[in-house]
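Here are a few exercises to work through with the coordinates open beside you. Try each task before you read its solution.

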Amino acid sequence: MFTLPKLNYDYAALEPFVDAATMEIHHSKHHQTYLTNFNAVMEKYHALENLSAQELLTNLNTLEVSDEDRKKIKNHGGGFFNHSFFWEIMGPKKEVNDKLVADIITEFTSIEKFKELFTQAAISQFGSGWAWLVYDENDKLKIYSLPNQDSPLTVGHKPMICLDVWEHAYYLKYQNRRADYINNWWNVLKLI
Ligand code: MN3
């Protein structure tokens, strides 16, 4: 059984950029629901019980499960993993990843340029989804967005930064202003 990870900070710790009410509902309701549904499908597969969520998503296309359950693992397992990862890369204090910063500057010329490209990916994701910064299969940094709870792990990429642009991630504070949410969110991304 997978369990809901605790946050390393209070729900109010990301104020005023991400509000406490959004954090509480996002973690205790939305993330919990993905977890509950993920566990419900994985209960059926004892042969897979030693695999982590990361391993299940990485090997999604070859898992010995029904097609219907593969889709559930993609959606609910993806939702479980993506949110767990999202909480970890945010925080009230910077914990800069020096290698990542150096690689970003090498690939995108500057942090500012990277933010511009990532913001563009996040804004232009049509409907629900996430923006991602990943190392691809050649260890090269790439920016893209994916719909729903699709995971870069499933295409062999290593996630480094992600941003939830489902409306539940920002609607209480920002209503339909996704661009304002994204601009403010950079303040709570601790890695760069
Ligand atoms: Mn979410």
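**Exercise 1.** What distance separates the centres of domain 1 and domain 2, taken over C-alpha atoms?

*Solution.* Start with the ground rules: this is a predicted model, where local features need pLDDT of at least 70 and side-chain atom pairs count only at pLDDT 80 or more, while totals for chains, interfaces and linings use all residues. Residues are numbered from 1 along each chain as its sequence is written, and side-chain values use heavy atoms, with hydrogens and water left out. Next, take the bounds, 20-89 for domain 1 and 98-185 for domain 2, which come from an automatic or database domain assignment. The C-alpha centres of the two domains then turn out to be 20 Å apart.

**Exercise 2.** Describe the interface between the two domains.

*Solution.* Count contacts first (heavy atoms within 4.5 Å): 21 residues of domain 1 meet 20 residues of domain 2. Then turn to buried area (accessible area, 1.4 Å probe, that two parts lose on being put together, summed over both). About 1700 Å² is buried between the domains, with carbon and sulfur atoms giving 64%. On the domain 1 side, T22, N82 and F86 lose the most area, together 31% of what that side buries.

Now look for a salt bridge (a side-chain nitrogen of Lys or Arg within 4 Å of a carboxyl oxygen of Asp or Glu). The count between the domains is one. K74 and D150 form a salt bridge, with 3.9 Å between their closest N and O atoms. Finally, ask which elements take part, using DSSP runs numbered from the N terminus (helices: H or I, at least four residues; strands: E, at least two). Helices α1 (20-42), α2 (53-58) and α3 each supply at least two residues to the domain 1 side, and α3 gives the most, with ten.

**Exercise 3.** Which residues coordinate the manganese ion?

*Solution.* Search for donors (N, O and S atoms within 2.8 Å of the metal, or 3.2 Å for Na, K and Ca; water is not among the atoms, so sites may look incomplete). You should find H26 (NE2), H83 (NE2), D164 (OD) and H168 (NE2), at 1.9 to 2.2 Å. Their spacing in sequence reads H-x56-H-x80-D-x3-H. One pair links distant parts of the chain: H83 sits in α3 (residues 67-89) and H168 in the loop between β3 (158-164) and α6 (171-174), 85 residues apart. Both H83 and H168 are buried, where buried means under 20% relative accessible area, exposed over 50% and partly exposed in between (1.4 Å probe, protein chains only).

Methods:
Contact = heavy atoms within 4.5 Å.
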